[in-house]
Every structure is written in structure tokens, then in C-alpha cells.
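Trainee: I am new to this structure and should like to understand the terms used to describe it. May I ask about them in turn?

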Amino acid sequence: MKDFTRQHRISSLSEYTKAYDSSVKDPESFWSDIASSFKWKKKWNQTLKWDFEAPDVKWFLGGKLNITENLLDRHLEERGEEVAILWEPNDPDEKGLSISYRELHRKVCQFANAMISKGVAKGDRVIIYMPMVPEAAVAMLACARIGAVHSVVFAGFSASALADRINDCEAKMVLTSDGNFRGAKTIDVKGVVDEAVAKCGCIEKVIVYQRTKSDVHMESGRDLWWHDAIQDVSEEHQAEEMDAEDLLFILYTSGSTGKPKGVVHTCGGYMVYTYYSFLNVFQYKPGDIYWCTADVGWITGHSYIVYGPLLAGATTVMFEGVPTYPDAGRFWEVCDKYQVNQFYTAPTAIRALEAHGLELVEKHKLDSLRVIGSVGEPINEEAWHWYHEHIGKRKCPLVDTWWQTETGGIMISALAGITPNKPAHASLPLPGIQPVIVDSEGNELTGNNVEGNLCVKFPWPSILRTTYGDHERCKHTYFSAYKNMYFTGDGAKRDHDGYLRILGRVDDVINVSGHRMGTAEVENAIDEHPKVIESAVVGYPHDIKGQGIYAFVIAETDGIEDEIKETVNKMIGPIAKPDKIQIVPGLPKTRSGKIMRRILRKIASKETDNLGDTSTLLNPEVVEEIIKGAS
Ligand code: PRX
């Protein structure tokens with residue numbers, strides 16, 4: 001089998017330096033060369049047009065393609081019988097699935113035809129609210145095939161959060177399942193969809209994949225089973241011609257205001273960048289088995305379970321369950337079972353599994369692993385060393401990959417075994433990525449040993465294009481803080497060796513178990529409780545989750561902590577439930593009425609020795625009372 005990926009895989013440090021230099025000197029030729037290896041229906045006539053003020057970024061202008069032709073059809077001749085998706089079910093006793101590129105192609109074409117027959121057309125939005133079954137990937141790819149815009153919503157979000165997303169993008173269809181197996185639990189996914197759709201006038205059809213065989217309500221005229229929808233439907237489909245800048249998907253993510261924003265990615269640039277970054281960071285070679293443990297509801301699942309790996313013709317493992325079921329050795333068991341070569345997970349999972357002790361690790365060989373990776377939050381040195389030593393057996397490079405929903409792909413990371421590994425450091429930018437550290441005035445801090453806010457000064461192909469339906473918000477959030485730069489919202493340090501270390505968010509976003517949570521979003525949910533008057537939410541260091549959610553709440557009465565948690569569960573979902581709730585008599589405010597979160601953050605982190613000057617507060621006396629209450 002020809003290794004078509006060889007030409008773009010960097011295989012030495014000097015090749016990295018060369019690629020990086022040329023990507024900065026002449027970004028257009030650099031990306032053009034990579035893009036040329038794909039199947040285009042029509043070649044682009046301009047590689048890049050950009051203006052960070054507007055913002056307006058376009059790649060491969062005038063180019064026409066369909067991303068699914070590049071991740072399916074293109075592979076059929078050479079590797080049609082190779083495994084595309086290896087599916088591991090929640091229950092280890094249930095038989096897994098091994099789906100070849102040819103089968104996946106057939107399934108995607110068939111479901112594409114089914115969606116068209118149910119009224120979905122190019123440009124329509126489709127919500128995917130599904131468990132981690134191969135059909136979730138089929139659903140995404142079928143949308144891409146017909147030019148519908150998918151928006152996957154993590155199936156742990158509540159009905160209210162789901163309804164907000166459906167309404168925001170005015171989706172026409174929901175793809176879901178009857179239920180979801182997660183560890184020992186069965187989750188009523190369809191019930192959540194029913195409750196959500198009742199609040200949305202735009203949904204015309206709901207297609208339900210049968211997974212748990214639960215007894216669910218099927219709304220006549222609206223709901224139909226997946227297996228009925230594909231009955232007698234053709235497995236051939238001519239992929240829709242898409243412009244490089246047509247929308248591929250919308251993915252909602254939290255920001256520092258209450259409402260999640262729909263990050264928009266487009267077809268051409270996202271394709272080129274996810275392929276290139278996947279190949280180089282993980283050093284994937286044909287025949288390798290690659291496993292990313294994320295859920296398709298997050299960007300990691302989009303870029304590095306589905307799109308990146310399939311574009312590279314890889315075998316990607318998809319896991320339905322949770323790391324601790326039936327025991328905390330499940331990840332390691334699956335690594336051995338499929339002889340996984342590249343394993344990619346989140347620091348929170350590492351810390352949680354570390355806490356279960358080594359016995360469950362040592363039962364497994366883990367000798368197939370060649371590369372291990374981390375994503376979603378800073379990986380602390382302790383977890384880094386445990387992962388490197390006990391899982392990677394000190395022989396696997398550990399790639400600490402920094403990126404965001406908005407960046408579409410990995411931006412700063414070691415390339416496994418090629419560029420140096422340094423504990424807790426994302427390290428060096430990928431070719432094509434020009435990160436800068438700036439001070440509060442936006443001056444670039446050059447040289448080593450500098451710390452400030454992390455920005456990127458030049459566009460890369462998978463940069464977000466807008467926030468759906470609200471371009472001003474995109475401009476304000478990412479392109480207004482510093483002139484002519486994309487602002488990431490993270491702080492970073494360039495150390496004495498020139499390696500980048502991500503220091504965490506500098507805005508009102510917290511990172512709970514690698515999931516982004518806007519404090520305002522959690523506050524809005526808490527405030528829904530009828531007895532709550534006002535609340536303020538901050539993050540605090542948490543041994544397993546990285547950051548925990550600490551809510552300071554002014555309420556009409558004590559003893560409603562559990563009710564508040566339930567309110568948040570209902571408004572957003574279990575991932576947003578506060579770890580700690582403190583009922584307080586007041587919140588520290590400036591004279592203009594702004595809550596002083598800095599003080600609350602210190603109290604939540606038990607750093608009350610140095611609270612700074614509180615005398616200028618409107619209500620300085622409240623600080624002492626909160627400290628007393630916290631202890
Ligand atoms: O704060 C950074 C953190 O996660 C944020 C992005 O979250 P999200 O869009 O949900 O995407 C997560 C998966 C890509 C970033 O702003 N983050 C992500 N990866 C790392 C990280 N922080 C430190 N090190 C990382 N490797």
C-alpha cells in the first residue's frame with residue numbers, strides 16, 4: 001500500500017525547522033502545497049485573504065470540494081478494506097465493530113440519501129445528540145456529504161441547553177438515539193430530546209438510532225427510527241460540491257458571557273489543517289491503530305476522532321464507555337486489546353486513573369503504545385510524570401497538545417519523537433502557527449523568559465470564521481483585545497529554552513475536567529433557582545478535575561445547596577454542577593457594582609493571606625464574613 005501521507009509527515013528536527021521557517025516566510029505556498037494533495041472538484045484561485053480587524057479570513061478561495069470525498073472516496077481504491085473505525089462498546093462483553101473504509105463510505109452515502117429524502121438540503125443545520133456509536137460519525141459525515149451543517153451537542157447537556165443550541169442555529173433536524181449506555185447507567189437521551197424539541201419550533205424531523213432498546217415515545221409525523229429511515233435506501237451518493245468557505249459545522253462553546261457561542265468552521269481550511277496536524281503531532285503511519293478517548297461532542301472528537309484521522313486514512317478507535325467501567329483499568333485493557341499505537345486523552349482522566357493505583361495498570365502490557373498525548377487543560381508535572389512513566393513506560397513521547405474549539409486543530413505541541421518533550425510544556429508551535437506572547441498593552445514580548453497573554457498573529461487554515469449569527473461577538477471576543485491578533489484567552493510563558501507553557505485562562509472561563517465552562521453561564525443557571533438573589537462563580541484548584549466550580553450565592557434561605565445543584569443540572573447538565581456552594585450574606589463589589597472575582601478566587605483557593613486592598617470596596621465587611629463562612 002502506498003503511503004500517501006509520507007510527503008507531509010515531518011520526520012526529523014531539521015525537517016521541522018525547515019517546514020516551520022518556510023511556513024512563516026511563505027505561508028501561502030506552504031499551505032497550497034499541502035492542500036494540493038487533496039481531491040478538489042475545482043482548484044482555488046487565491047490561497048488566502050485575511051483581515052483580523054473585520055475579522056475576515058478565507059482560505060483556498062474559489063476552491064470546490066467535498067471533505068467526505070477526501071476522507072472516504074479517495075481511500076477506496078488503495079485502502080477500501082482497511083479499518084476506518086474500530087468501535088469498542090461500553091460493555092466489554094458486547095462485541096465490538098470493525099468498519100472498513102468501504103463500509104463507512106456505504107453507510108455515509110446511504111444516510112446522506114436518507115436525510116435528503118426527509119427534507120434536509122445544503123446549508124440546513126442538523127443537530128447531532130448521540131452516544132459514541134459509529135452512527136454518530138456517520139451522521140456527521142452524511143451531513144458533510146450533502147452540505148448540511150452539523151452541530152454536535154454533547155449528549156450530557158440538559159434539555160434546556162440543547163434547546164438553546166437548536167434555536168440558536170435554527171436546526172431542522174435532530175439525530176439522536178433511544179438511550180445511551182454510560183458505565184453502569186442507561187441514560188434517557190430521547191426523553192431529553194423530546195423535552196428540548198418541545199421548546200423549538202424549527203425542528204421538523206427527529207431520527208432515532210436504536211441503541212439501548214429503551215421504551216421511548218415516538219412523536220407521530222416527526223420521529224422515525226434510523227433503521228427505518230435507511231430501509232431500501234441507495235448506498236450510492238454523489239457528494240455535493242461545496243465551496244472551500246462553505247460552513248462545515250458549528251460547535252457551541254462557553255465564553256465569558258452567559259450564552260454559549262456557535263464557533264463556525266468551514267470545509268477547505270479545516271480539512272487541510274486537521275489532516276496535517278494529526279499526521280505530524282501523532283506521527284501516524286499506515287497500519288497504526290490510533291485512539292482518542294474524547295467524545296464527538298467536543299472539538300477533540302471532531303478533529304481527532306473523525307476528521308483528521310479519516311483524512312489520513314487511519315484506523316481510529318471509538319469508545320462508547322467511561323474510563324472507570326467496569327473498572328479503572330478499562331483504558332489500558334482496550335489499548336492492549338486493539339494494540340493501540342497512539343493514545344490521546346485528557347489530564348483529568350489521567351489524574352482520576354492514577355488515584356486508583358498502579359495495580360490496574362500493571363495488569364496490562366501497554367507494549368504497543370508508541371505515542372501518548374494530552375489535551376484540554378494544563379497537565380501538571382506530577383500527572384505528566386505518572387503518565388509518561390507508567391503508561392508510556394518512559395519510551396513514548398508525550399505530546400501535550402494546546403488548542404481550542406476556535407483553532408480547529410492542534411496549535412502548539414511537540415511532534416512525537418521529533419521535537420523535544422518537556423514536562424507540562426506544550427512546547428513549540430506547529431508549522432504555520434505564529435503564536436506571540438503580549439503584555440497588557442498588546443506589545444509583543446520577544447525572547448525567552450517572558451510571560452503574558454497568548455495571541456496568534458497570522459491566520460492558519462482552521463481558524464474559526466465567525467460565531468454563528470453574531471459576527472460582532474466573534475470580533476469582540478477574539479480580535480478586539482489586541483490589534484491585528486487573534487486572542488486566545490489563555491496566559492502563557494516562554495521559558496528559558498524557548499518552550500511555551502500554557503498557564504490557563506485569563507478570562508472568566510474555567511476549565512473543569514478539560515471542559516470549558518463560562519462562569520456567567522453557571523451563574524445564569526444558579527440564578528434560575530427561585531430563592532437565589534445573586535451568585536458569583538469562580539474556579540478553584542481541584543485534584544482530579546484541574547479546576548472545580550465554587551459558587552458564592554446570596555439566597556433567601558439556607559439549606560438549598562442541593563436544590564441549586566439540581567437547578568444547574570437541569571439548565572446545563574451534570575458537568576456544570578458546582579463542587580462547592582457557599583451561601584453568603586453579600587458579594588464583594590466595587591463602588592460601580594462590579595463583583596470582585598479576584599477576591600472570591602482567592603477565598604475559594606484558600607489563599608486569604610494576601611487579598612490586596614479591600615478598603616475601596618462598596619462593602620468591605622462582607623469579605624471577612626465570606627472567609628469565616630468558607631472555613
Ligand atoms: O485553556 C486552554 C485549555 O482549553 C481551552 C480550550 O478549550 P476547548 O475549546 O474546550 O478545547 C479543548 C480541547 C482542545 C484552552 O483555551 N487547553 C486545551 N489544551 C490545553 C489547554 N491548556 C493547557 N494545555 C493544553 N494542552
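Mentor: Let us begin with a definition: helices (H or I, at least four residues) and strands (E, at least two) are DSSP runs, numbered from the N terminus. This is a predicted model, in which local features need pLDDT of at least 70, side-chain atom pairs count only at pLDDT 80 or more, and totals for chains, interfaces and linings use all residues. Residues are numbered from 1 along each chain as its sequence is written, and side-chain values use heavy atoms, with hydrogens and water left out.

Trainee: Why are Lys-190 and Asp-194 separated by about one helical turn?

Mentor: Both belong to helix α7 (residues 189–197), and they are separated by about one turn because they are four residues apart in that helix.

Trainee: What makes the pair Lys-190 and Asp-194 a salt bridge?

Mentor: A salt bridge is a side-chain nitrogen of Lys or Arg within 4 Å of a carboxyl oxygen of Asp or Glu. The closest N and O atoms of Lys-190 and Asp-194 are 2.7 Å apart, so the pair meets the rule. By this rule the count comes to 35 salt bridges. In general, side chains of opposite charge can pair when their charged atoms come close.

Trainee: Which residues come nearest to the ligand?

Mentor: A residue is near a molecule if one of its heavy atoms lies within 4 Å of it. There are 17 residues around the ligand, and Asp-400, Thr-405, Asp-490, Arg-505 and Arg-516 come nearest. Helix α10 (299–311) and strands β20 (398–401) and β24 (500–505) each supply at least two residues of this shell.

Trainee: What makes the approach of Thr-405 to the ligand a polar contact?

Mentor: A polar contact is a pair of N or O atoms within 3.5 Å; within protein, one must be able to donate a hydrogen and the other to accept it, and residues adjacent in sequence count only if both atoms are side-chain atoms. A side-chain N or O atom of Thr-405 is 2.5 Å from an oxygen atom of the ligand, so the distance satisfies the cut-off. For Arg-505, a polar side-chain atom lies 2.8 Å from a ligand oxygen, and for Arg-516 the distance from a side-chain N or O atom to a ligand oxygen is 2.8 Å. The protein covers 96% of the 540 Å² of accessible area that the ligand has on its own, as computed by the Shrake-Rupley method with a 1.4 Å probe.

Trainee: Why is a space in this protein called a cavity?

Mentor: On a 1 Å grid over the protein atoms alone, a cavity is a set of points where a 1.4 Å probe fits but cannot get out, and its lining residues have an atom within 4 Å of a point. The structure holds two cavities of 30 Å³ or more. The largest contains about 110 Å³ of space, a volume being the space filled by probe spheres set on the points, which are joined across faces, edges and corners. Its lining has 15 residues, with Met-1, Arg-79, Pro-286, Gly-287 and Gly-313 nearest its centre. The second largest cavity holds about 30 Å³, and its lining includes Trp-384, Leu-398 and Asp-400.

Trainee: Where does the peptide bond from Ala-54 to Pro-55 stand, cis or trans?

Mentor: That bond is cis, with omega near -15°, and Pro-55 lies in the loop between β1 (46–51) and β2 (56–61).

Key. On a 1 Å grid over the protein atoms alone, a cavity is a set of points where a 1.4 Å probe fits but cannot get out, and a pocket is an open set with protein on both sides within 12 Å along at least five of seven lines; lining residues have an atom within 4 Å of a point.
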